[in-house]
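Biologist: I should like to go through the terms applied to this structure and the criteria behind them. Could the structure be displayed before we begin?

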Amino acid sequence: MSLLSGKRLRALVVAMTTGTIWMTGAALAQTAALDQLKQTQADSSLTDAALKTGARVTTLCASCHGASGNSVQPDTPNLAGQNPRYMLVQMRRFEEGQRQNEFMQRLIKAMSIDERIGAALHFSRQFVTTRPPADAALVAQGKSYYERVCFRCHGGDGHGTESYARLAGQQIPYVTMVLKRYRDSTDSRIDPVMASNAKLMSDHDIEAVAAYVASMP
């Protein structure tokens with residue numbers, strides 16, 4: 001083996017080892033945060049303390065997501081009623097760059113685990129403000145599509161799970177934007193299931209589904 005190839009091999013081993021350590025550290029941190037969330041939810045006194053922390057820290061979120069978690073920006077998601085575990089995972093993804101938004105990334109990196117858990121619990125207990133549909137026919141078309149495809153992950157009621165977002169009550173512009181980004185492969189998030197399903201959607205399908213989920217309570 002030549003000296004040059006030996007150096008390359010050692011560099012590759014170091015890079016792989018460092019990457020493995022980083023990934024393991026990130027995974028451990030995520031597991032610890034989720035375990036802490038579970039412990040907090042199981043203890044009423046811890047929950048009360050976390051909610052107080054959440055009410056304080058989410059004042060920083062209000063200018064975009066709204067004080068009650070109902071977004072004041074059409075291209076920003078509602079956080080009201082989201083599953084706290086789902087939100088905690090998304091925060092970690094912002095921190096690691098798997099989701100990209102400069103402001104969100106800087107804000108989340110500055111938050112402690114206690115503050116993240118508090119924020120997630122606070123928003124999970126808020127109620128979504130649903131707007132009546134403007135086009136009943138379009139909503140009916142969206143309902144038909146949703147009940148064939150989207151319910152498998154997001155639930156029949158659109159309330160999501162620990163792994164999938166709540167869609168019920170989301171703003172039409174936000175849902176439209178995200179679905180088009182998945183379809184066109186321009187979203188920073190990587191979700192093979194979402195991408196494969198969105199690629200089959202026409203503009204009209206997206207418009208209809210967005211109208212339907214926005215009308216769901």
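**Criteria and assignments**

Modeller: At 10% relative accessibility, R92 counts as buried; the term buried means under 20% relative accessible area, exposed means over 50%, and partly exposed lies in between (1.4 Å probe, protein chains only). This is a predicted model, in which local features need pLDDT of at least 70 and side-chain atom pairs count only at pLDDT 80 or more, while totals for chains, interfaces and linings use all residues. Residues are numbered from 1 along each chain as its sequence is written, and side-chain values use heavy atoms, with hydrogens and water left out.

Biologist: Why is E95 called partly exposed?

Modeller: The relative accessibility of E95 is 26%, which is neither under 20% nor over 50%, so the residue is classed as partly exposed.

Biologist: What makes the pair E95 and R92 a salt bridge?

Modeller: A salt bridge requires a side-chain nitrogen of Lys or Arg within 4 Å of a carboxyl oxygen of Asp or Glu. For E95 and R92 the N to O distance is 2.8 Å, so the criterion is met. The two residues are 3 apart in helix α4 (residues 84–96), and therefore about one helical turn separates them; helices are DSSP runs of H or I with at least four residues, numbered from the N terminus.

Biologist: How do you know that R183 and D203 form a salt bridge, and which elements hold them?

Modeller: Their side chains meet at 2.8 Å, N to O, so this pair also satisfies the limit of 4 Å. R183 belongs to helix α9 (residues 172–183) and D203 to helix α11 (residues 203–215), so the salt bridge ties together parts that are 20 residues apart in sequence. R183, at 17% relative accessibility, is buried, whereas D203, at 45%, is partly exposed.

Biologist: What makes a group of residues a nonpolar core?

Modeller: The term denotes a set of buried Ala, Val, Leu, Ile, Met, Phe, Trp, Tyr and Cys residues joined through side-chain atoms within 4.5 Å. The largest such core has 23 residues; Y146, L179, M201, V209, Y212, V213 and M216 touch the most other members. Helix α11 gives the most to this core, with 7 residues.

Biologist: Which residues does M201 contact, leaving aside neighbours within four places in sequence?

Modeller: M201 is in contact (heavy atoms within 4.5 Å) with Y145, L179, R183, I206 and V209.
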